[in-house]
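Biologist: I have this assembly open on my screen and would like a close look at one part of it. Could you take me through chain A and the partners it touches, and then follow the threads from there?

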Amino acid sequence: MPRTGHGLAVAGVGQTPYRRRHEGSTPELVGQAVREALADAGLTARDVDIVVGGFAPDGLAGENCPDKRFLPAACAIGRWSMRINTGGTTGIAAAYAAMDLLEAGRGDVAVVVGVERMAQANSVPAVFNSIFDPIYERDTGLSTISMGALRATRMMARWGYAREVWAQVAERNFDNASRNPLAQIRTPYGAEDVLRSRMIAWPVTQLDACPVSEGVCAVVIVRSERFEGSGRPLAHVRGRASVSDTYNMGDRVHRPIGNLEDMITLSRSAERAYAQAGISDARQAQVVEIHAPFTHAETMAYGPLRLCDAPDGPDLVRSGFGRWGTETVINPSGGPQAANPVGATALIRLAECAQQVMGSAGERQVPGARVAVATGQGGANQFSTCTVLSA
Amino acid sequence: MRATRPNDDEEVDVQRVYVHGTAVSSSWADGSASLTDLIFRCVRRALDDARMPVGDLEAVVLAAHDLVDGRSLTNMITAPAAAAFLKDETRLGDDGAAAFVLGDARIRSGSVRTCLVAAWGRASEGPADDIARALFDPFTTRPLGMTEIGVSGLRASRALIEHPEYAEHRAAAATRRGEVEGAAGRIPAAAWPLRDTELPIWGDVVSAVVLSSEPGPVEVLGAGMSTEPFELGDRDLTGLPALRSAGEQALREARRSIDEVDVLEIDALTMFDEALALEAVGATGSGRGMEALALDPRLDPAGARSVGYCAPAMGLTRIARAVQRVREGDGALALASGSSVVAAQTQAAVVLGRAEGHDTTHGRSCR
Amino acid sequence: MSSTPVPPDGDAAADGSTTDPVAEPVTIQGHWDFGYTYFAGASASRFFNELRLNQRIMGTHCPTCDRVLVPARGFCDACYVEIDEWREVGTEGTLDSFTILTTSFPGLPEPPTVVGYVTLDGASTALLNAVHGIDLHDFDEAGALLLTQPRVRVVFSDKCEGRITDFAFELVAADA
Ligand SMILES: [Zn+2]
């Protein structure tokens, strides 16, 4: 079903820097990002009709329903508001909820805010263990990192990936992050640094994985017909889709329609979003922001995004595809490896794409960026989204 | 079918949305079912009630809380039990009525034709009072041991000051709510002036509603939402302005007045909250909310209470019950609402109407 | 659950009061510990009871998609139907995927350990559990061995208590 007729666009972006820990209170940080996003859109708090908050998971912050405390700082009082929590995809799922409400005629202007305060938890992996099924799986000590590594070893066995290939991916992401003042990690680590960094869950090392990050990303989304002719840049939403899979990773190991590392949720999301946007593959974009908390997870997305056939992924990395200065830049923000505030991270991917096509990405502006693709990934690698933006 | 609906200063052309099926399940500590089993069984019944094959379902909108479910990213485990397998699915950490409003929006905008909305809470698995305490600000109200019931106590004492009539009718209102079998041990600690009979009974509650753009027995005629400040001291605890606004928006969109409504399902934690809520939506005059709870035929307090209570399932449960009551002939026009934590900070209201010329009798699988 | 205000580290006067009311950030120590009683439900209960009483691994068969789902469950999420046909599966299978946990985290098993997804003979789906008996002195070497997707078998604990940890996997070849 084409969505292009609905005419939605990102009109403004506001972000705190992403850091290991922020000292400000959550409402303070949210207020700061939202004011910046509204100013970027040339709007004021009075213009806002809808506010959608994203936060995940509550356990990392040690607060139950923290949205209730921070949504008023995003102009929610007296307005429509709701809170979305879909794990890694939370930020983009919040944006999609806002888009659904705008498309339904529930308003013209929505503020979407993705928030993370995970440094409030004393042990992040222990909280991440408690996301798993308490009946059959939690006792095995599974965490999000080992869950990722269980797929990485399959990619090695099936497609010939090696730790050295993924180290090159990390090197490119860290190089990009060095141009992004919002990034938490701005040290340009090289492939050798990645290979030598601490092994967490073989084959995933510390520098293959994302850091613990806090911060707030705010995005203003509008019905674009109300803003045509305003002279301000807009990042038009040309296509978007979201697909969820079974929780059980073991059920996907032998599944003929798409197994554990095939990511059919992303394939199907991309297929739908591309069809709406009228593109055939992500090589038609100048910017691709891949929401992948691990290097191997980024390469797992190449096939579904039609950057290459999945078995050709290792060669695509070796060719230098996606580096700064090439025709399609992958993760000009540095991606989740440079900062991964869970409740915001998928929204940051959208915000980066929006800024790139609006020409407001500063030092990391990809020259001539016109079309951008952002992904979201969450749960037991089971929730995927794909969004296509253009100028 | 499409319709034009008022939206502030303009008319918008939108897809009409119908409710095709509902299910509400209520149990307590049923060892034969895991949380995902409870969800599966209820959603399966709602799809059967709608006579909709799972393959026809395009989207799923859920409401669930991580801490209530004891699963730190609950929809990772629970969404597939709610028919989300390879569907377009999202989850609110908010009340089920808000999920309903989002599900309605997805069809209204024309982006999908069918959508399942489900919400649940299983109070028997977790520590309801501890979870409620964790809702409060760690710097200010949490050290006081405040809970949701505690806020209701604040509301109730204020209501007794503002409305002396409440004292007169509260015994009759409590009697009308009725006794519920097996309620022992499921009633939260009371906060003065609230009495046990005025409190909710914790329950394991799942609700599911099937929406479609195809004409069905009940139509969604209007929706509204609003939000209050977080700080309790900044709020009008008895006036419930967010509910007042949400109800007004929903009725305005439906082009109906509250006087035309003949089925009321207004979500509230305790009997005092509900009495005040009835006044906020204009169903009765100032000071007459408790009397309405005792006597008003548009309400079914015993039916509502017997389901049990567990956030965030209750707003959708009220909507599902309103749909069921319209289908069963209790009335032709319903107003239902759902409130979120903390102490009803956000409110969502919907107006539901019997669709003319449609068979309402099929599949009354209400519990 | 309780929370007690404490002054932040450093710059506090002897009586605990801070010296700069404007710039001094306050933190509060909190706890996040909630007890739950999870209901396994009828199908997982039977799965665990079979482990404990009979040292058998059971799955349920979905007649719609013809898969034997292991561990057993009461509905097939793909077909969205209730299922109740019980099948015992083999105690040997293939290690389809694994990782070596090499870093210690509070509350999680002490590393190094191996966990993996194993498809037991007769099952359509893979099951997660610990893999014991792997020489882990060189992770890359151990990884190379496990990447060959070796055959493994189920080893039950001496005292089964009806939990997933009642059994683990070990390499079949380790015995040869
Ligand atoms: Zn099946």
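Modeller: Happy to: what follows goes through chain A and its two interfaces, then the metal site, and then some salt bridges and a helix. Please keep in mind that this is a predicted model.

Let's start where chain A meets chain B. Here 57 residues of chain A are in contact with 56 residues of chain B. Together the two chains bury about 4600 Å², with 55% of that area on carbon and sulfur atoms. On the chain A side, the residues that lose the most area to chain B are A:Asn64, A:Lys68 and A:Arg106, which together make up 16% of what that side buries.

Charged and polar pairs also appear at this interface. The rule finds 5 salt bridges across the interface of chain A and chain B, and one to look up is the pair of A:Arg69 and B:Asp137, at 3.5 Å from N to O. Residue pairs in polar contact across the interface of chain A and chain B number 25. If you colour by secondary structure, the elements of chain A that give two or more residues to this side are helix H3 (67-70), strand S3 (80-84), helix H4 (90-103), strand S8 (235-244) and helix H9 (264-277).

Now turn to chain C. Between these two chains, 43 residues of chain A are in contact with 45 residues of chain C. The area buried between chain A and chain C is about 3600 Å², and carbon and sulfur atoms give 61% of it. In chain A, A:Tyr136, A:Asp139 and A:Trp202 lose the most area to chain C, together 22% of what that side buries.

The salt bridges between chain A and chain C number 3. In one of them, C:Arg73 pairs with A:Asp251, and their closest N and O atoms are 2.5 Å apart. The rule also finds 20 residue pairs in polar contact across the interface of chain A and chain C. Helix H2 (58-61), H5, H6 and strand S5 (199-202) of chain A each supply at least two residues of the side that touches chain C. The largest share of that side, 9 residues, comes from H6(A).

A residue worth clicking on is A:Ser143, in the loop between helix H5 (124-129) and helix H6 (144-159) of chain A. A:Ser143 is buried, with a relative accessible area of 5%. Leaving aside residues up to four places away in sequence, A:Ser143 touches A:Phe132 and C:Leu108.

Chain C also brings us to the metal. The zinc ion is coordinated at 2.3 Å by the SG atoms of C:Cys62, C:Cys65, C:Cys76 and C:Cys79. Along the chain, these donors follow the spacing C-x2-C-x10-C-x2-C. The arrangement is tetrahedral because the 4 donor atoms subtend angles of 102 to 114° around the zinc ion. Of the ligands, C:Cys76 is buried, at a relative accessible area of 0%, and C:Cys79 is also buried, at 17%.

Back inside chain A, salt bridges join parts of the chain itself. The side chains of A:Arg158 and A:Asp262 meet at 3.0 Å, N to O. This pair links distant parts of the chain, with A:Arg158 in helix H6 and A:Asp262 in the loop between S8 and H9, 104 residues apart. A:Arg158 is partly exposed at 41% relative accessibility, and A:Asp262 is partly exposed at 22%.

A second pair in chain A is A:Glu352 and A:Arg364, whose closest N and O atoms are 2.9 Å apart. A:Glu352 lies in helix H12 (residues 342-358) and A:Arg364 in the loop between H12 and strand S11 (371-378), so the pair ties together parts that are 12 residues apart in sequence. Both A:Glu352 and A:Arg364 are buried.

To finish, look over at helix H9 of chain B, residues 271-280. In this helix 10 of the 10 residues are buried, so H9(B) is largely enclosed by the rest of the structure. The cover over those residues includes helix H6 (148-162), helix H7 (165-177), helix H8 (241-254), strand S9 (263-266), helix H10 (289-295) and helix H12 (314-327) of chain B. After H9(B) comes B:Gly282, with a positive phi near 80°.

Definitions and conventions: Residues numbered from 1 in each chain as written. Chains lettered and ligands numbered in written order. Predicted model: local features only at pLDDT ≥ 70, side-chain atom pairs only at ≥ 80, totals over all residues. Heavy atoms only, no water. Donors = N, O, S within 2.8 Å, 3.2 Å for Na, K, Ca; no water. Tetrahedral: all angles 85-135°; square planar, octahedral: opposite > 155°, others 65-115°. Buried < 20%, exposed > 50% of the residue type's maximum accessible area, 1.4 Å probe, protein only. Contact = heavy atoms within 4.5 Å. Buried area = accessible area lost by both parts, 1.4 Å probe. Salt bridge = Lys/Arg side-chain N within 4 Å of Asp/Glu carboxyl O. Polar contact = N/O pair within 3.5 Å; in protein donor to acceptor, adjacent residues only side chain to side chain. Helix = DSSP H or I, 4+ residues; strand = E, 2+ residues; numbered from the N terminus.
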